[in-house]
Structure formats: structure tokens, C-alpha cells
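Reader: I'm new to this and would like to look around a protein model with you. Could we go through it piece by piece?

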Amino acid sequence: MKCFDSTTNGSLLQYGVYERIQDNFHRFYNYSKTHISLSLALITELQDSSLYQLICILCFSCSVVKAKRIFYTLFPVASWLPTYNFKDWLVSDIISGISTGLVAVLQGLAFALLVSVPPGYGLYAAFFPVLTYFLFGTSKHLSVGPFPVVSLMVGTVVDRLVVDGVAGGNSTIFPEGMSDEDRKVWVATSVTYLAGIFQLGLGLLQFGFIVVYLSEPLISGFTTAAAIHVLVSQLKFVLGIRVPSFMGKLSVMYTLEYIFNNIPETNITDLVTSIIVILIVFIVKEINDRYKSKLPVPIPIEVIMTVIATGVSYAFSFEERYQVDIVGNITSGFQTPLTPNAAVLEDSIIDAFSIAIVGFTVAFSVAKVYSIKHDYTINGNQELIAFGISNIFCGAFRGFAGSTALSRTAVQESTGGKSQIASLVSALLVMIVLLAIGYLLAPLQKSVLGALVVVNLKGMFFQFREVVVLWKKDKYDCLVWLVSFVAAVLLGLDLGLAAGVAFELLTVVFRTHSQFSVLANINGTDIYRNRKDYQNIYEPEGLKIFRCPSPIFFANINSFRDKLIEVLGFNPLRILRKRNRAVLKIRKLLKKGEIMTTLVSSSKLAINFDDNNNIENLDKPVEMKDLPLCIDWNRSLPGNLQVPGVDTHSVVFDFAAVSFLDVSAINTLKGVKTILKELVRIEIDIYIAACDDLIIEKLEKCGFFDDEINTNIFFITIHDAILHILGRYDPEKTNYECDNVSYY
């Protein structure tokens, strides 16, 4: 084994017999390739998917143990319901379910305004998804149902395809004579159905990992922008102004412009009612948050204000006396299932996919928080399946896409909810409103519902505080937040989400640029760190350790090359070309007899002289075998030729953090292979340390190795490579083979 001798300037003087070249290491420890190809890995992943396992059960024989495991995976309720502690948990779940159900009823009515459908349909969205999530979901505390951001995204499609009773420029989408209300409901349910299909498909194919591409800063910026959209969309109810639907880019600006221009038309009754509701609900919610440890259950202020507002509106006939918009008749009972509109499905594919991703991401993020808090696991792929089935089921029964409202889930957890039994109780309360008492809410002003929506945006608006925190912690994450926010506000939620994701992926490229560094040895240790960060370090003369802190691919290969040139202090390709030009001139001088050597007379020289000075030949290795003299490029050259000297004899590349290389980064004209060959051709030894075996296998497949570059350049650690180099370049034993040759 090798070790440091720190007694002499921290230098690495003791050199072991066994060199840990990576090939030798593999042979010594009987390494065998266990890695599988990408295609085989994909097949293996699909074999683990719920879809594959379900097919195996239906079409092929399957062991009892495996069948039970698949059954419990697809139906998580079967694993926890038999062990449910009715004695200790049932009362808590019932209390929690009642509290959550009251909130769910009001949020269902309110968020339906965002979808541009009658408020009663929001009750369907608050009821049906809960039933299916109870069977298929893995979170114990998630309250599934309408979410303002997702509701607004569905409403955007509704407003685009149904504008004032017209089918968005294509009257063939709907049958003639269909009412405006039915058209909007059909669009909303169709989009919900398609979003559910996307979620179900992604879940069956094990694509739950897709959530990792939506970082917390992106989701935070996007949902904050969505809160702006929601606020602007509710101003027409709060102010009592009829506002046309503005779609596409800058729709928020156009809506605000229209509202400001028509502010004199404000309905004072709606405005005063909204202000009173917002203030009281906000204050009581703050009291609930501050004294939640002392209150047995949160004060249901939304329910209280709704009941009071409904009674006052009915008693004083607000609709007739002040011309306010009210909820009106709420459909009693359930309606027949509705099949999706094929034309709407075709026209809303991108919107539905965005809704599917955003809805799942928000719900999964919330579920993950509570799973960590209460120490249980959730399955991302199964959550996708659960939400997919829930949205398909909800869309079939005239509801609209859902996720989870943060406030509703917080109520369910804080009031003692232990399982999805609480959600089932809340769904039962929603059903009671649907079947029995929904008609009592007919006099309720829409401005009250709009005010409740605005109040529930408080948590999203508080996300603005994250900007300052992110700027201090990570400026790239802060930029992701800002770009996602601005793009979603100005371009709309669909394009804004796409722009946010694109910029987030672009920051990955930014992070891989200009992060390359030079390492040096910490005296007396086998540790290597950035030489800029330490003073007591040891860096052998003529040796550079170049660290690559990220994957090397097409986007950062130029930065890799530029930083390497900066570290070396010269461009290897230029040095190579100057040396080849110098050799050509020396051959020419020898041919003319203008250079004589002490070894042989010029008349006896047999020199192959080809005065080919094109770039391709200059990039080839320097050929000096037939020259009658030895050239030392760091000494004076014959004929007063000038070629810059090179004081570096070895470069070690630290590939510990390189997780992959693409083909462009390997074999292009500016790829890694070309860069390393340029170094080899100017007599600089190259070594690669701590390289993953997968990278080496990739290099082999891409034809990386040849006569100039072989597998002996790979070492297990930087330390092994340094010891090997020091064994070759001992300063005390350095000699020059050209010392006995002179020119004249």
C-alpha cells in the first residue's frame, strides 16, 4: 500500500509496489460487469409496474404471494383497514371529517366559480374523488377535492372553448341547442377525464418520478402566479362587475384594465359584503392559527359567515333590491354519467397534461409533508393511479379536476384525523348537502364565495417571502421562482408552466459551467481539495489535477475545454501545430544543409521531406523518428526557431462527480477524446481518477480507446494516480537523452 511521508515538505515520497490502475484493480478483485443496458433497465422497470403485474394476474399464472402483494399495492385500503383502531381513532376521524366536510362544501361551491360552471357542480368535485381515493390512495391525511390552481386551469379551457354560448370559433364541437351551462360542464368534465387518463397512464407505467422535474421553487413560483390569476378572476364577483373572458397571453393585464375602466359600475352591496367577509374570516383564521394548541377544533368561520350571509341575503331580498348575483338553484341529487366530448379531448391535450402534472405535484408534495410528520410512507406511482382514477370517476359524474387544498388538508390533520375514514365522513357531509339541504344556499351571494376564495389564497401569497430566502441561499433557485412566476402571470398557466420547466432545466446547464477547479494535496493526508481554498497545500511541479464537478455533455464540453486551457496556461492544439511547423522547418533546413549535427554529416542524411503545411497534418502527432537529432521542446531549437515551452508533464482528471458523458462530449471535434489526444501529442501524460465503471463501459462502446489512449490511464483514486506519476517523474533522477547532442 502507498502512504504519505509528510516529513519532507508534505511531498509524496513513498511509492508502493502495487499500482491501483483500474484495470489491475478489476482483475485483482474479480470484477464482473453487472450493469444492464438502458433498454433492459426500462424493461425491468416496466416489469415492476402495476400494469405489467396486473396483466400477469389476468393472463398468466401467478403465485399467491405475488398476487397478494400486487393486490395490496393496487388497493392500499386492504392493508390498513383491517388493522384500523376503531376504539381510539373512530371518534377523532368523525370529528375531523365533519370539520373538513364543512370546509369542502364551501370550497366546492367557491372553486366552481373558477371553472366557470354553476356552483352546485363544485359539490360533485368535492364528493366523488374522495370515494376512489379512499380505495386507491396511500396518504392518511390528504383531503382530495377542488384546488384553486387546478380549478382555474380547467376554467381556462372552458373559457377558451365556450365564450358567451359560442364554441370558441368551432360550432361543431357541441350539438345545436345545447345551453351555455351544459357546454361549460361538458368541457370541464372532458378535460378532467383526459387529465385522469394521463395520471392513470403515468402511474401504471411507473412515472411517479416525474415530480422531481418540478422543483419546490418552480412549484412555489407557479402557484403564486396562479394565485394572482385566481385573485383577478374573483374581482368580478367581489365588485359585482360583469367582465368578459380574456384568454391567452397578458389576459391578467387585459382583465385588470377592463375592471379599472369599469370601476364605476361596482355593486356597492357586493363590495361591502366581500370586505366584511374577508376581514372577519381573515382575523378568525389568524386566531385559529395562533391558538390551535388550545382550541379543540378550529372555529368554522367560513361556515358561520356563509350561514349568516345566506340568511341576510334572503331576509333583505338582496337579489331584487340590489341586483346582486346569487348562487341560485343547486341541482339536487346526482345526475347521469356523462361521456367525454371527443372534440374537446383533441383540443385540450396539452392543457389536460399540464393539469394532470400540476394537480399530482401539489397533492404529492402536501402528502409527503404529512407522511414525514406522522412517520409513514407514500407511493408516488400509486398516488398517480389514485388521482387518475379519481379524476376519471369525477369527470364521468360531471365534476371537475381536483388535487388537494392546503387549508382543507390542514383542517383534516389538525382536528385529529387519523386515516381516510375522516375523508369518507367529509364526503358523507357533502352528500347530505347535495341530497337534502343544498337548496337552502340559493340566496347566497356569489361575492361571498369569491371573498372566501380570496381569503384562502393567503398561504399562496405568503410564498412571496421565499424570494428573499432563496436569493440568500441559492440564486439559481431564486431565478427559477421568479421566471416561473413572471411567465405564468404574463403567458398564462399552461405556457408559464412550460417556460418554468424549460428555464429550470436550463439552470442545470448553467450550474455545470465554470465550476471546474484545480485540486491540490492537503499536506500529510491523501485528501485533495480546491487549491484556492487552502494555503497549506502541496502541488507537485509539472502536475495539474483538474476536477470535473458534473456530467460532461454537449452543453458544457466547450466550458470543459476552455477551463482546461485556462488551468494549463496554454492551448494544447496551438502548441501541437507550432511543433509540427517547427519540425517541418527543421527538415527543410537539414535538407538544405543549413543545420549540422555532431552525430552525422548532412550529406549522409536520408530525410523524408514533405512540405505539407495544411491544418490536418499539423494536428497529427509530431513525427521525429527519422531526424538525426533529438529535440527538447523546452530548450533552444536549431535555426533559432521559437516554440513555447510546456512546463506541465501530467494532468489528472478527477471524474468522481461525472455521472454520464454523451456521445457529443466524447467523439466530436471538441470532445473529450480530442482534448486528451492533443495533450498526449505534446508529450503530456493524462490520467483519469475515480471514474465510474459505467462511464468506462460507455467510452468503450463509443470507440474512445486506441493506440494513443488506453485503459491504463484509469486509476481508482486521485492519490493512486499521483503516486504513480511521482514514481515516474522523480526530480532527482530526471535526465535528458539529448544532452550529448549539439547543433551548429
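Reader: Let's begin with the second largest cavity: which residues line it?

Author: Sure, and keep in mind that this is a predicted model. By class, the lining of this second largest cavity has four nonpolar, no polar and two charged residues. Going by name, the lining is made up of R561, L564, I565, P572, I675 and E678.

Reader: Which helix gives the most to that lining?

Author: Two helices, α25 (557-568) and α29 (672-681), each supply at least two residues of the lining of the second largest cavity. The space they help to enclose has a volume of about 30 Å³. With three residues, the helix that gives the most is α25.

Reader: How many residues of α29 are buried?

Author: Buried here means under 20% relative accessible area. In α29, V672, K673, I675, L676, K677, E678 and L679 pass that test. The helix has ten residues and is largely enclosed by the rest of the structure, because the number buried is seven.

Reader: What do the buried residues of α29 pack against?

Author: I675 and E678 are among the buried residues of α29, and both also line the second largest cavity. Just after the helix, E683 takes a positive phi of about 65 degrees. As for packing partners, the buried residues of α29 sit against α25, α26 (572-592), β7 (650-654), α28 (663-667) and β8 (685-689).

Reader: Moving on to α30, which residue caps its N-terminal end?

Author: Helix α30 covers residues 693-701, with D693, I695, I696, E697 and L699 buried. After the helix comes G703, whose phi is positive, near 65 degrees. At the N-terminal end, a side-chain oxygen lies 2.8 Å from the backbone nitrogen of L694, and the residue that owns this oxygen is D692.

Reader: Back to cavities: what is the volume of the largest cavity?

Author: A search of the whole structure turns up two cavities of 30 Å³ or more. The largest one has T100, A104, A126, V130, S143, V144, R408, Q412, S423, S426, A427 and V430 in its lining. Its volume is about 40 Å³.

Reader: And which helix gives the most to the lining of the largest cavity?

Author: By class, this lining has six nonpolar, five polar and one charged residues. The helices α6, α7 (121-136), α18 and α19 (421-437) each supply at least two of them. The biggest contribution is four residues, and it comes from α19.

Reader: Now the largest pocket: which residues lie nearest its centre?

Author: About 1600 Å³ of space lies in this pocket. Its lining has 28 nonpolar, twelve polar and ten charged residues. Of the 50 residues that line the pocket, those nearest its centre are V366, Y370, L406, S407 and A410.

Reader: Which helix supplies the largest share of the lining of the largest pocket?

Author: Several helices each supply at least two residues, including α6 (86-115), α10 (216-239), α12 (268-290) and α13. Also on that list are α16 (349-374) and α18 (406-414). The largest share is ten residues, and it comes from α16.

Reader: Let's zoom in on T306. Is it buried or exposed?

Author: T306 belongs to helix α13, which runs over residues 301-315. Leaving aside neighbours within four places in sequence, T306 is in contact with L106, L441, L444 and L452. Its relative accessibility is 2%, and the cut-off for buried is under 20%, so T306 is buried.

Reader: Which residue's backbone oxygen does the side chain of T306 reach?

Author: This one is a contact inside α13, the helix that holds T306. The side chain of T306 gets to within 2.7 Å of a backbone oxygen, and that oxygen belongs to E302.

Reader: How about H229, buried or exposed?

Author: You'll find H229 in helix α10. Not counting residues up to four places away in sequence, H229 touches L152, S251, V252, A488, V489, G492 and L493. With 9% relative accessibility, against a cut-off of under 20%, H229 counts as buried.

Reader: Last one, for the whole protein: what percentage of the residues is buried?

Author: The protein has 31 helices and nine strands. It exposes about 35900 Å², with carbon and sulfur atoms supplying 59% of that. Out of 744 residues, the buried portion is 51%.

Key: Residues numbered from 1 in each chain as written. Predicted model: local features only at pLDDT ≥ 70, side-chain atom pairs only at ≥ 80, totals over all residues. Heavy atoms only, no water. Buried < 20%, exposed > 50% of the residue type's maximum accessible area, 1.4 Å probe, protein only. Polar contact = N/O pair within 3.5 Å; in protein donor to acceptor, adjacent residues only side chain to side chain. Contact = heavy atoms within 4.5 Å. Areas by Shrake-Rupley, 256 points an atom, 1.4 Å probe, with all protein chains shown as cover. 1 Å grid on protein atoms, 1.4 Å probe; cavity = no way out; pocket = protein on both sides within 12 Å on 5 of 7 lines; lining within 4 Å. Points joined across faces, edges and corners; volume = space filled by probe spheres on them. Nonpolar A, V, L, I, M, F, W, Y, C, P; charged D, E, K, R; others polar.
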